[in-house]
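Here is a report on how one protein chain is put together. Please look over the sequence and the structure before reading on.

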Amino acid sequence: MKWSMWILALLITVGVHAQTQQDKIREAEMQRQANRQMQTDRQIDSVALLINQQNYAAAEAKIISILKTVRSVPSDLTFYLGKNSYYLAKYKQSVDWLNKYIQLKGTAGQFSQEAIDLKAKAEVELLKEKQVEVQQAAQLLSKDFEIDCGPTGKVVCPVCNGSTVVIKKTYLGETYKTCAYCNHTGALTCEEYNKLLKGQLTVGSR
Ligand SMILES: [Zn+2]
């Protein structure tokens with residue numbers, strides 16, 4: 001009777017001990033997570049501060065370092081990333097991240113209104129950029145014009161440089177082929193020349 005009581009007491013002690021050990025591990029893990037969360041929050045606060053100080057490049061560097069450490073991007077960080085990108089004139093990136101914040105928080109988030117306003121501004125800038133791109137694409141290019149070849153109406157064939165022969169380098173060495181464009185003359189008519197510039201003079205089109 002006495003022995004069995006002892007054993008029972010011992011088992012209970014061991015059991016309780018194991019229980020507290022598990023609790024301790026769980027507690028420590030929760031503590032670690034809370035610490036990590038706190039650290040991330042602090043870093044996000046410092047991003048906000050850098051943005052307020054208009055130190056956008058430093059803010060971006062900080063954001064990138066946070067992105068490397070977090071398993072998922074906190075919603076506040078999506079906002080700051082979108083906001084900071086706007087001030088860095090990275091409008092596409094700005095719209096992208098502000099959209100994320102708005103999707104996550106709707107209109108009820110702490111920064112929702114600012115996100116919506118900034119996104120609208122970023123979209124305007126993005127549109128301007130696209131228009132500039134279109135304008136840049138619409139440059140004056142010679143291929144869009146008819147070129148006057150002068151009174152002879154002939155131009156030295158630019159494909160064979162007037163030699164009527166085109167040299168092709170293959171793994172067997174150089175091979176010589178008759179120029180397919182100028183028909184053994186080494187010259188093009190002005191019409192052919194203009195077609196060639198536009199990419200419309202195809203072999204055998206004459
Ligand atoms: Zn030729």
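The report goes through the helices, the nonpolar cores and a few single residues in turn.

**The first helix**

This is a predicted model. Helix α1 runs over residues 2-52. Its 51 residues reach 74 Å from the first C-alpha to the last. That is close to the 75 Å expected at 1.5 Å a residue. The helix is hardly covered, with three buried residues among its 51. Those residues are Val47, Leu50 and Ile51. The buried residues of α1 pack against α2 and α3.

Ile51 deserves a closer look. It counts as buried because 20 C-beta neighbours lie inside 10 Å, and 20 is the cut-off for a buried residue. Setting aside residues up to four places away in sequence, Ile51 touches Tyr56, Ala59, Tyr80, Lys83 and Asn84. Ile51 and Ile64 are 13 residues apart in sequence, and their C-alpha atoms are 14 Å apart in space.

Gln37 is also found in α1. This residue is exposed, because 12 other C-beta atoms lie within 10 Å and a residue with 12 or fewer counts as exposed. The C-alpha atoms of Gln37 and Val70 are separated by 9.3 Å, although the two are 33 residues apart along the chain.

**The largest nonpolar core**

Which elements give two or more residues to the largest nonpolar core? The core has 20 residues. Val47, Ile63, Tyr80, Leu98, Tyr101, Ala115 and Ala122 touch the most other members. The elements that give two or more residues to this core are α1, α2 (56-69), α3, α4 (91-105) and α5. In soluble globular proteins, nonpolar side chains tend to be buried together.

Tyr80 touches Ile44, Val47, Ala48, Ile51 and Ile63, not counting residues up to four places away in sequence. Another core lies apart from the largest one. This other core has six residues, including Cys157, Cys160, Cys182 and Tyr193.

Glu60 lies in helix α2. Is Glu60 buried or exposed? Glu60 is buried, because 21 other C-beta atoms lie within 10 Å. Beyond its neighbours within four places in sequence, Glu60 is in contact with Asn84 and Leu88. Glu60 and Tyr80 are 20 residues apart in sequence and 9.3 Å apart in space, C-alpha to C-alpha.

**Helices α3, α4 and α5**

Two packed helices are described by the angle between their axes and the distance between the axes. Helix α3 (residues 75-87) and helix α5 (residues 112-137) pack at an angle of about 35°. Their axes are 10 Å apart. The crossing of α3 and α5 is left-handed. On the α3 side, the contact involves Phe79, Gly82, Lys83 and Tyr86. On the α5 side, it involves Ala115, Leu118, Lys121 and Ala122. The residues of this contact divide into five nonpolar, one polar and two charged.

Helix α4 has 15 residues, which should span 21 Å at 1.5 Å a residue. Its end C-alpha atoms are 21 Å apart, so the two values agree. The buried residues of α4 are Tyr91, Ser94, Val95, Trp97, Leu98 and Tyr101. They pack against α3 and α5.

**Helix α6**

In helix α6 (residues 190-197), the buried residues are Glu192, Tyr193 and Asn194. They pack against β1 (154-156) and β4 (187-189).

**Positive phi values**

Most residues other than glycine have a negative phi, and most peptide bonds are trans. The table lists residues with a positive phi.

| Residue | Phi | Place |
|---|---|---|
| Gln54 | near 60° | follows α1 |
| Gly106 | near 65° | follows α4 |
| Gly199 | near 75° | follows α6 |

Gln54 has its positive phi as a residue other than glycine. Its place is in the loop between α1 and α2. Gln54 counts as exposed, because 9 C-beta neighbours lie inside 10 Å.

Asn161 has a positive phi of about 55°, although it is not a glycine. Asn161 is found in the loop between β1 and β2 (165-170). Asn161 counts as exposed, because 12 C-beta neighbours lie inside 10 Å.

Methods:
Residues are numbered from 1 along each chain as its sequence is written. This is a predicted model: local features need pLDDT of at least 70, side-chain atom pairs count only at pLDDT 80 or more; totals for chains, interfaces and linings use all residues. Axes are lines fitted to C-alpha atoms, for helices over the stretch in contact, and angles run from 0 to 180 degrees between N-to-C directions. Helices (H or I, at least four residues) and strands (E, at least two) are DSSP runs, numbered from the N terminus. A crossing is left-handed if the near helix is turned anticlockwise from the far one by less than a right angle, and right-handed if clockwise. Two residues are in contact if their C-beta atoms, placed from the backbone, lie within 7 Å. Ala, Val, Leu, Ile, Met, Phe, Trp, Tyr, Cys and Pro count as nonpolar, Asp, Glu, Lys and Arg as charged, and the others, Gly among them, as polar. A nonpolar core is a set of buried Ala, Val, Leu, Ile, Met, Phe, Trp, Tyr and Cys residues joined through C-beta atoms within 7 Å. The expected span of a helix is 1.5 Å times one less than its number of residues.
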